[in-house]
Amino acid sequence: MEQLNFVIEAYGVVGIALTAVLLILFVVQIVMHCRKLIFTRFDFTNRPQVRQEIPAVSIIVPLFGEDEEYLKGNFRNLLSQSSAKYEVVAVYVGKEDSFYATLNHLRRYYNHLKTTQIDYNPQYPISMRMALNLGVKSASNECVIFTTSDTRPATTDWAYAMARGFMYGDIVLGYCNWARKSGMQNLFFRKHRFAQTRNSLVAALRGNCFGASISCLGFTKSLYFKVGGFGHLDLTAGEDDLFVQSIATADNVCVPLCEQLRCEDNAPGSLGQWILEQHRLGQTRKFYNTRALNVESCELIARVAFFVAAIGALATLPLELKCVAALFMLVRYLIVSIVDAKCAARVGDKGICAWAPLYDFFEPWVQLVIRTSQPKRISRWK
């Protein structure tokens, strides 16, 4: 009793209470991050098989406009995948006969390429969802994979890795990040998307799938037509998350984690473009179910609370308790960095963990600013 009175007299009730709160938040943070290690340990081949062999797949890619550079570069990469049992369905949205002729000319060299066209009319704009819907109807195979013209498979085994996932589920989720460029801004973009994608895949591994990337999303045509394809057609982005939530169950989603699963999207060119992308995705959040919202928000709230408590402790408490707060922060940074590095290594996403402490501290405040500045309405886009 005397020792307790001495501690209270030395550090005060407020100091002890703040340290206790910081300790609780520290433990919560460590538990939340260590749970993500399922991303590094999970072996999808331990799941029951739903197909006895790797099925043939149809990869659907919509082409809006006349992107000659894509045809010469990333499109040929998509057509040159190592899997022998796949087709590529290119849905061209436009009116240039010469471009469509060039696209069709590629069929002479790639007999697994199938093409179709939607005439573009400014009075009746064609959305991404409409193009993908036509692609699904044109696909020859039951198992289809969505990707975009902004996406590049990181390896020639990407299609094989996605197709293999259909042996263990009717929905296959891939891993996609922004393309790597020089500069701190690009590193922040990539680290943020890594964290968001990793968290959604971890949720899927735990039977609570709430997110997917249109750049690398696979499913069966039966599931697609069962729910009538994409809903929420008034959204500018994020309808892929809501679509997956409508068809996913605890046991029909497969995440075939491996380095071959990774693909890359064209990175935003500026901070303004990235913020606009976050605002577009933010429109989807209000349609999430409660469990998905909790998964997405809990870590952000816990991290902000931990940093507020740590800053308060460092600013107001005696030296001994300041050292305790600093130790909590240091240990947390080490654990977060180790977990992130292991998760990034699982999908071959190198260089993602540089400057982790700076990102870890500033990212939640950036997210709070983005969410509080979310506009009520954003103009439609393709």
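**Burial and packing in a predicted model**

Colleague: Let's start with helix H7, residues 158–165: is it largely enclosed by the rest of the structure or exposed, and how many of its eight residues are buried?
Modeller: Bear in mind that this is a predicted model. The buried residues of H7 are Trp-158, Ala-159, Ala-161, Met-162, Ala-163 and Gly-165. The helix is therefore largely enclosed by the rest of the structure, and its count of buried residues, out of eight, is six.

Colleague: And for the whole chain, what share of the residues is buried?
Modeller: The chain has 14 helices and ten strands. Among contacts with a separation of 6 or more, 84% join residues 24 or more positions apart. Of the 382 residues, the buried share is 53%.

Colleague: Gly-174 caught my eye. Which residues does it touch, leaving out those up to four places away in sequence?
Modeller: Gly-174 sits in the loop between strand E6 (171–173) and strand E7 (175–178). Its relative accessible area is 7%, under the 20% limit, so it counts as buried. Met-162 is twelve residues away in sequence, with the two C-alpha atoms 6.9 Å apart. Leaving out residues up to four places away, Gly-174 touches Met-162, Leu-201, Cys-216 and Leu-261.

Colleague: Now Gln-260: how far is its C-alpha from that of Tyr-175?
Modeller: Gln-260 is in the loop between strand E9 (253–254) and strand E10 (262–265), and at 31% relative accessibility this residue is partly exposed. Setting aside residues up to four places away in sequence, Gln-260 touches Thr-155, Asp-157, Trp-158 and Ala-161; of these, Trp-158 and Ala-161 are among the buried residues of H7. Tyr-175 is 85 residues from Gln-260 along the chain, and their C-alpha atoms are separated by 9.5 Å.

Colleague: Over to helix H5, residues 97–105. Within what arc do its buried residues fall, seen down the axis?
Modeller: The buried residues to look at are Phe-99, Tyr-100 and Leu-103. They line one face of the helix, because their directions from the axis fall within an arc of 95 degrees.

Colleague: What do those buried residues of H5 pack against?
Modeller: On the other side of H5, Asp-97 and Ser-98 are exposed. The buried residues, by contrast, pack against other elements: helix H3 (68–72), helix H4 (74–79), strand E1 (57–64), strand E2 (86–93) and strand E3 (113–118).

Colleague: Which residues does Phe-306 touch, again skipping those up to four places away in sequence?
Modeller: Phe-306 belongs to helix H12 (residues 290–316), and with 0% relative accessibility it counts as buried. Met-329 lies 23 residues from Phe-306 in sequence, and 8.9 Å in space, C-alpha to C-alpha. With residues up to four places away skipped, Phe-306 touches Leu-22, Leu-25, Phe-26, Gln-29, Phe-328, Met-329 and Arg-332.

Colleague: Arg-332 is in H13, isn't that a good lead-in to its packing with H14? At what angle do the axes of H13 and H14 cross?
Modeller: Arg-332, Tyr-333, Val-336 and Ser-337 of H13 meet Ala-356, Pro-357, Asp-360 and Phe-361 of H14. By class, that contact has five nonpolar, one polar and two charged residues. Angles of 65 to 115 degrees count as roughly perpendicular, and H13 and H14 are therefore in that class. Their axes come within 10 Å and cross at roughly 105 degrees.

Colleague: Helix H8 (residues 184–205) crosses H13 too. Which residues of H8 and H13 make that contact?
Modeller: The axes of H8 and H13 come within 11 Å and cross at roughly 80 degrees, and the two helices are therefore roughly perpendicular to each other. The contact divides into four nonpolar, no polar and three charged residues. On the H8 side come Lys-191, Phe-194 and Arg-198, and on the H13 side Val-339, Asp-340, Cys-343 and Ala-344.

Colleague: Last one, on cysteines: how many disulfides are there?
Modeller: Take Cys-254, which is buried at 0% relative accessible area, while Cys-34 is partly exposed at 32%. The closest cysteine sulfur to that of Cys-254 is in Cys-258, 9.8 Å away, which is too far for a bond. With a limit of 2.5 Å between sulfur atoms, the count of disulfides comes to zero.

Notes
Residues are numbered from 1 along each chain as its sequence is written. This is a predicted model: local features need pLDDT of at least 70, side-chain atom pairs count only at pLDDT 80 or more; totals for chains, interfaces and linings use all residues. Side-chain values use heavy atoms; hydrogens and water are left out. Axes are lines fitted to C-alpha atoms, for helices over the stretch in contact, and angles run from 0 to 180 degrees between N-to-C directions. Helices (H or I, at least four residues) and strands (E, at least two) are DSSP runs, numbered from the N terminus. Angles under 35 degrees count as roughly parallel, over 145 as roughly antiparallel, 65 to 115 as roughly perpendicular and the rest as oblique. Contact means heavy atoms within 4.5 Å. Ala, Val, Leu, Ile, Met, Phe, Trp, Tyr, Cys and Pro count as nonpolar, Asp, Glu, Lys and Arg as charged, and the others, Gly among them, as polar. Buried means under 20% relative accessible area, exposed over 50%, partly exposed in between (1.4 Å probe, protein chains only). The arc is that of the directions from the helix axis to the C-beta atoms.
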